[in-house]
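User: I should like to examine the enclosed and open spaces of this model, and the surroundings of its ligand. Please set each value against the criterion that it has to meet.

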Amino acid sequence: MPEKTKVLIVDDEINLLKTLSDILNRNGYEVAVAKDGPSALGLIEKNGFDIALLDIRMPHMDGVELLERIKVQRPDIEVIIMTAYATIETAKRSIKLGAYDYIQKPLDIDEVLINLKNIAQMKARVEEARFLQNTLQLEHGYEHIIGKSQQIQKVVDTIKKVALSASTVLIMGPSGTGKEMVADAIHYSSRRCSKPYVKINCAAFPENLLESELFGYEKGAFTGADKQKKGKFEVANEGTLFLDEIGDMPFSMQAKLLRVLESGEFERLGGNELIKVNVRFIAATNQNLSKMLQEKRFRSDLFYRLNTVILNLPPLVERSEDIPLLVDHFLARFSREMSRKRPDVSDEAMKLILSYPWPGNVRELANAVERAVIFCEEGVIKPQDLPPSIQHGLLEGHTEHLSEDLRLETVESRHISGVLKLTGGNKNEAARKLGIHRETLYKKLKKFNLPD
Ligand SMILES: Nc1ncnc2c1ncn2[C@@H]1O[C@H](COP(=O)(O)OP(=O)(O)OP(=O)(O)O)[C@@H](O)[C@H]1O
Ligand SMILES: [Mg+2]
């Protein structure tokens, strides 16, 4: 669903406020009302509005003065002046002060609706243009998500589709598959990209701390609360809140979160003021939520509220066609960061990389490439530049090789001849790389019947 256009109506006639806001609500607008200028300015300070409808004759501050103040405070709000016959000349002059248009009272509802629709469309076009320009410059957009596999392409497509809406997104996938990266891409590709982007790791706090982090608290709410503190919900107002590791949120907190997701309303701890926020929620977890639902460790009502859009990030082994692209990407990134020439990857090293199961997924791959860029010599990444677990990947993850001869002697002999190949037959260098004395190497060559 696209974001609703937010309209503020300011008039001292309570009946008009009520009737007009009902009609606009029914026509899909989000409406707030104020009965005079000062309270309108208070609302504008706290909330974002797209359009303001202002009466001219009001106590305390007339509509023209209010228009001028709004244009100073929030020039992006479009203003429509509502005028009775007696003040029509003033209304015409208000156009010069920046009003979008004026409409005469008694109001013709169709005219009001047409005006609002025109403004909403104009603003959408402006925002669209701004958005396109923004994403081009962005560092965190979806164009940084590497991968040609169908699964990743689908994720990128979905990000593009949901970015411009305000829907809640749930990202699932094992550790290191890029969940946070995807959350970043959604926020930075959305209309909220210049608004706050707040992250909280739900697994990082014990229950009562998590609650005060999210909800904030009033002074004196508990021992140690010596001043009021805003929680993440409030700090993220108008922007995006990323709830990371939501599967680790304590069960009782889940109910409290659900209420905020549904109403956008909450109170700070120890407070009774009802605070309303407009936040887009993105949640992520590496836990199996369906299993947690069955075990009643995750609330099903919260799950159904979160699962409007689900993005599944599969483990790297299930999309091995992405591995070479990711290796390329990380090679470029780390050699740039270390101001080194971008190394090549030898065929042997690439073979190991492709056959390793990557239990730590993309993060593990990134770390392995970073290490290899540091260790490699002569501009080529060789097997020995990879972490030991990957060099010996055949021994660890891959059950299809278990029928092979895995006696230590066989592996040792294979390893020695591999290292000799790497050093081009240079035994001094091979012994050094193997961490053994040259004499020991000769003995082993003889023992394993290798050419010496
Ligand atoms: N498709 C991808 N393209 C480029 N970089 C990626 C991709 N996926 C992951 N990365 C990189 O891998 C690292 C780990 O990603 P991220 O932190 O988003 O994973 P995660 O799923 O949130 O992990 P965890 O569950 O452990 O929190 C980051 O450095 C991220 O930039
Ligand atoms: Mg993460």
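Analyst: The model is predicted. Val327, Val345, Ile353, Ala368, Val369, Ala372, Ile381 and Leu386 line the largest cavity, and α15 provides the largest share of that lining, 3 residues.

User: Why is this space called a cavity?

Analyst: The term applies where a 1.4 Å probe fits but cannot get out. The search of the whole structure finds 1 cavity of 30 Å³ or more, and about 30 Å³ of space lies in the largest cavity.

User: What makes the lining of the largest cavity nonpolar, polar or charged by class?

Analyst: Val, Ile, Ala and Leu count as nonpolar. The lining of the largest cavity accordingly divides into 8 nonpolar, no polar and no charged residues.

User: How do you know where the largest pocket lies with respect to the domains?

Analyst: Domain 1 (6–130) and domain 2 (143–312) both contribute residues to the lining of the largest pocket, so this pocket lies between them. Its volume is about 1,200 Å³. The lining comprises 39 residues, and Glu30, Lys276, Val277, Asn278 and Val279 lie nearest the centre of the pocket. At least two lining residues come from each of β2 (30–34), α2 (37–46), α10 (251–263), β12 (275–276) and β13 (280–285); the largest share, 4 residues, is that of α10. By class, the lining of the largest pocket holds 14 nonpolar, 9 polar and 16 charged residues.

User: What makes the approach of Ser175 to ligand 1 a polar contact?

Analyst: The criterion is a pair of N or O atoms within 3.5 Å. An N or O atom in the side chain of Ser175 is 2.7 Å from an oxygen atom of ligand 1, and that pair therefore meets the criterion. For the side chain of Arg363, the distance from an N or O atom to an oxygen atom of ligand 1 is 2.8 Å. A polar backbone atom of Met181 is 3.0 Å from an oxygen atom of ligand 1. Taken alone, ligand 1 exposes 640 Å², of which the protein buries 86%.

User: Why is ligand 1 said to lie between two domains, and which residues come nearest?

Analyst: Domain 2 (143–312) and domain 3 (317–403) both give residues to the shell around ligand 1, so the ligand lies between them. Of the 16 residues around ligand 1, Ile146, Ser175, Gly176, Lys179 and Arg363 come nearest. By class, this shell has 6 nonpolar, 7 polar and 3 charged residues.

Note on methods:
Residues numbered from 1 in each chain as written. Chains lettered and ligands numbered in written order. Predicted model: local features only at pLDDT ≥ 70, side-chain atom pairs only at ≥ 80, totals over all residues. Heavy atoms only, no water. 1 Å grid on protein atoms, 1.4 Å probe; cavity = no way out; pocket = protein on both sides within 12 Å on 5 of 7 lines; lining within 4 Å. Points joined across faces, edges and corners; volume = space filled by probe spheres on them. Domains from an automatic or database assignment. Near = heavy atom within 4 Å. Polar contact = N/O pair within 3.5 Å; in protein donor to acceptor, adjacent residues only side chain to side chain. Areas by Shrake-Rupley, 256 points an atom, 1.4 Å probe, with all protein chains shown as cover.
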